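Colleague: Please take a close look at the backbone for me, going through the places that deserve a second glance, and explain the terms as you go.

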Amino acid sequence: MESRIKFSAIVALIGITCANSAYACTGITLKSKDDGVVTARTIEWGESEMENMYTIVPRGYIQQSMLPNGETGGMAFSSMYGYVGLAVVEPGWVVDGMNEAGLSAGLFYFPGYGEYPEYNPENRAKTISDFQLVSWILSRFSTVDQVRNAIQDIDVVSIDPRASTAHWRVSEPSGKQIIIEFVDGHAQVYDSELGVLTNSPEYPWQLKNLNNYVNLIPGTAGPVQFGPITLRAFGAGSGFLGLPGDFTPPSRFVRAAFLQNYSIQQDTSYESAMQAFHILNNFDVPLGTEYPVGRAPVNMPSATQWTVATDMHDKIVYYNTMYNRTLRSIDLNQIDFANIAFQSHPLDTIKSETIIPVQINE
């Protein structure tokens with residue numbers, strides 16, 4: 001009875017959460033001169049404060065997928081690789097993380113364009129819920145090619161028919177990256193050369209849409225002669241005049257692609273991880289922008305509940321939250337995945353900013 005009640009509560013939360021367009025994400029990828037690769041992303045949800053946590057999963061840990069209608073017998077999988085993930089609502093619902101082989105994976109909301117396979121109870125043993133797919137990927141694989149092949153042999157479903165679909169980004173330390181989207185019930189796997197991902201529409205459309213901004217260049221435009229007068233930029237950065245600044249997924253994709261592409265390549269992956277947070281500051285969503293004036297359902301510091309940067313070179317996960325912009329790190333090199341126990345902990349132990357008073361010498 002307790003598990004049934006818990007399932008019903010989770011289903012209700014999924015239905016509310018995924019039916020609301022306020023759930024959004026922006027992902028970028030940076031490569032450093034030391035051959036390091038850093039994936040970074042934000043996660044937005046403006047309806048309420050999510051239960052945000054990090055999860056540590058040891059080798060050999062066995063998980064089983066939830067199924068629609070509270071059915072049992074979903075895909076069971078054991079961890080070949082230990083991993084660390086940032087999760088929402090449930091410790092097993094890892095939406096972004098990295099395993100000890102350096103493989104990273106993340107779930108991004110994908111409303112209105114994806115379609116999972118229809119759930120077939122006869123295939124329950126190879127069926128996994130979308131919010132557990134990242135855990136499956138991190139626990140079982142070390143390369144994107146392994147994931148590319150294996151994704152064709154499973155069924156991915158939502159446990160609630162009201163919920164929208166997701167799509168995924170999977171990256172390895174070599175820099176190879178793929179995007180997984182389910183269209184018409186079939187997995188489509190795209191090579192991701194840019195390393196950028198937001199939400200809808202589908203990934204190929206987002207790439208084509210970049211052609212609408214072929215005029216954008218870094219630096220300052222002009223001066224140009226305009227008949228009898230000379231036109232000059234009001235300030236630096238006018239080459240990006242026309243870069244979309246709204247929070248829709250296509251605009252965020254364009255903005256992320258250009259800011260990432262023209263950022264200065266750093267010497268080390270650590271420096272790239274720090275740079276990623278500065279770039280993603282451009283995607284921090286003030287809560288009031290997502291609702292009509294006076295209609296925001298809650299008052300939180302931001303709709304961007306947390307931001308994470310994953311250094312696949314040094315195997316360190318960095319994150320900050322809407323409550324505390326101080327960076328925290330989880331070093332996978334310091335974790336004994338053969339012996340550590342499965343565990344999860346809140347991202348924030350204290351929900352307030354870390355403020356260091358400046359000492360003034362008299």
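**A close look at the backbone**

Modeller: Pro223 sits in the loop between helix 4 and strand 14 (224-226), where helices (H or I, at least four residues) and strands (E, at least two) are DSSP runs numbered from the N terminus. The peptide bond that leads from Gly222 into Pro223 is cis, and its omega is near 0°. A second cis peptide bond joins Ser200 and Pro201, with omega about 0°, and Pro201 belongs to the loop between strand 13 (186-191) and helix 4 (203-209). These bonds deserve a glance because most peptide bonds are trans, just as most residues other than glycine have a negative phi.

Before going further, please keep in mind that this is a predicted model, in which local features need pLDDT of at least 70, side-chain atom pairs count only at pLDDT 80 or more, and totals for chains, interfaces and linings use all residues. Residues are numbered from 1 along each chain as its sequence is written, while side-chain values use heavy atoms, with hydrogens and water left out.

The backbone also has positive phi values in residues that are not glycine. Asp35, in the loop between strand 1 (27-31) and strand 2 (37-44), has a phi near 70°, and with 63% relative accessibility Asp35 counts as exposed, a word that stands for over 50% relative accessible area, whereas buried means under 20% and partly exposed lies in between (1.4 Å probe, protein chains only). Asn69 has a positive phi of about 65°, lies in the loop between strand 4 (62-64) and strand 5 (76-78), and counts as exposed at 57% relative accessibility.

How far can the coordinates be trusted along the chain? The mean pLDDT, which is the predictor's confidence in each residue from 0 to 100, is 92 for the chain, and 94% of the residues reach 70 or more. Over residues 1-9, however, pLDDT stays under 50, and the model has nine contacts for them beyond four places in sequence, a contact meaning heavy atoms within 4.5 Å. Residues 14-21 also have pLDDT below 50, and this stretch has 21 contacts in the model beyond near neighbours in sequence. Where pLDDT is low, the predicted coordinates should not be read in detail.

For a regular piece of backbone, turn to helix 5 (residues 249-262), whose 14 residues should span 20 Å at 1.5 Å a residue, and whose end C-alpha atoms are indeed 20 Å apart; the expected span is 1.5 Å times one less than the number of residues. In helix 5, 10 of the 14 residues are buried, among them Phe253 and Phe258, and the buried residues pack against strand 1, helix 4 and helix 6 (269-280).
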